[in-house]
Amino acid sequence: IFALRDRYEVIPHNRDKPNFSTMNAVRTWIRSPHGPTTVHFWGPVANWGFVLAAMADMKKPPDMISGKMTGVMCVYSALFMRFAWMIQPRNYLLFSCHFANECAQLYQLSRWGGIVKS
């Protein structure tokens with residue numbers, strides 16, 4: 001191992017010098033229209049709770065699913081997916097959140113539909 005180490009040149013890293021390009025990129029993102037100081041960031045972050053709740057409900061028995069509420073959540077997510085796509089600038093974080101919620105709610109609706117048919 002020591003013989004291999006001597007063959008390669010060690011490039012020193014200057015850890016004392018701050019990386020200003022990274023700091024500028026973070027500062028720009030924080031101040032951007034989709035940064036963490038805006039509703040365009042915190043709205044989708046909060047909406048991920050719907051997705052997590054739907055995923056947690058997948059372990060519950062299908063007879064506990066409310067068909068009306070699940071249907072409302074499907075319509076809600078479909079409407080807000082369109083909204084997130086149509087606004088300028090596009091809010092991809094909001095779109096992805098509602099897309100994931102739509103998939104989870106449609107799965108729950110299919111589970112509920114299997115119980116209703118039986």
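Student: Is the crossing of α3 and α5 left-handed or right-handed?
Tutor: This is a predicted model, in which local features need pLDDT of at least 70 and side-chain atom pairs count only at pLDDT 80 or more, while totals for chains, interfaces and linings use all residues. Residues are numbered from 1 along each chain as its sequence is written, and side-chain values use heavy atoms, without hydrogens or water. A crossing is left-handed if the near helix is turned anticlockwise from the far one by less than a right angle, and right-handed if clockwise. By that convention, the crossing of α3 and α5 is left-handed.

Student: What pattern does the chain follow along the sequence?
Tutor: Helices (H or I, at least four residues) and strands (E, at least two) are DSSP runs, numbered from the N terminus. The chain has 5 helices and 0 strands. Read along the sequence, its pattern is therefore α-α-α-α-α.

Student: How are α3 and α5 oriented, roughly parallel or roughly antiparallel?
Tutor: Helix α3 spans residues 39–57, and its axis lies 9 Å from that of α5 at an angle of about 20°. Axes are lines fitted to C-alpha atoms, for helices over the stretch in contact, and angles run from 0 to 180 degrees between N-to-C directions. Angles under 35 degrees count as roughly parallel, over 145 as roughly antiparallel, 65 to 115 as roughly perpendicular and the rest as oblique. The angle therefore makes α3 and α5 roughly parallel.

Student: At what angle do α4 and α5 pack?
Tutor: Helix α4 covers residues 67–86 and helix α5 covers residues 92–117. Their crossing is left-handed. With the axes 8 Å apart, the two helices pack at an angle of about 155°.
Student: How many residues of the contact of α4 with α5 are nonpolar?
Tutor: Ala, Val, Leu, Ile, Met, Phe, Trp, Tyr, Cys and Pro count as nonpolar, Asp, Glu, Lys and Arg as charged, and the others, Gly among them, as polar. The contact of α4 with α5 includes 8 polar residues and 1 charged residue. The number of nonpolar residues there is 16.

Student: Which residue does a cis peptide bond join to Gln88?
Tutor: The cis bond has an omega of about -5°. The partner of Gln88 is found in the loop between α4 and α5. That partner is Pro89.

Student: Why is Cys74 in no disulfide with Cys103?
Tutor: A disulfide is a pair of cysteine sulfur atoms within 2.5 Å, and the count here comes to 0. Cys74 is buried, at 7% relative accessible area, whereas Cys103 is partly exposed, at 41%; buried means under 20%, exposed over 50% and partly exposed in between (1.4 Å probe, protein chains only). The two residues form no bond because their sulfur atoms are too far apart, at 9.8 Å.

Student: Which residue forms a salt bridge with Asp57?
Tutor: A salt bridge is a side-chain nitrogen of Lys or Arg within 4 Å of a carboxyl oxygen of Asp or Glu, and the structure holds 1. Asp57 is partly exposed at 30% relative accessibility, and its partner is partly exposed at 41%. With the closest N and O atoms 3.2 Å apart, that partner is Lys60.

Student: What distance separates the C-alpha atoms of Tyr76 and Glu102?
Tutor: Tyr76 is placed in helix α4 and is partly exposed, with a relative accessible area of 24%. Tyr76 and Glu102 are 26 residues apart along the chain. Their C-alpha atoms are separated by 8.6 Å.
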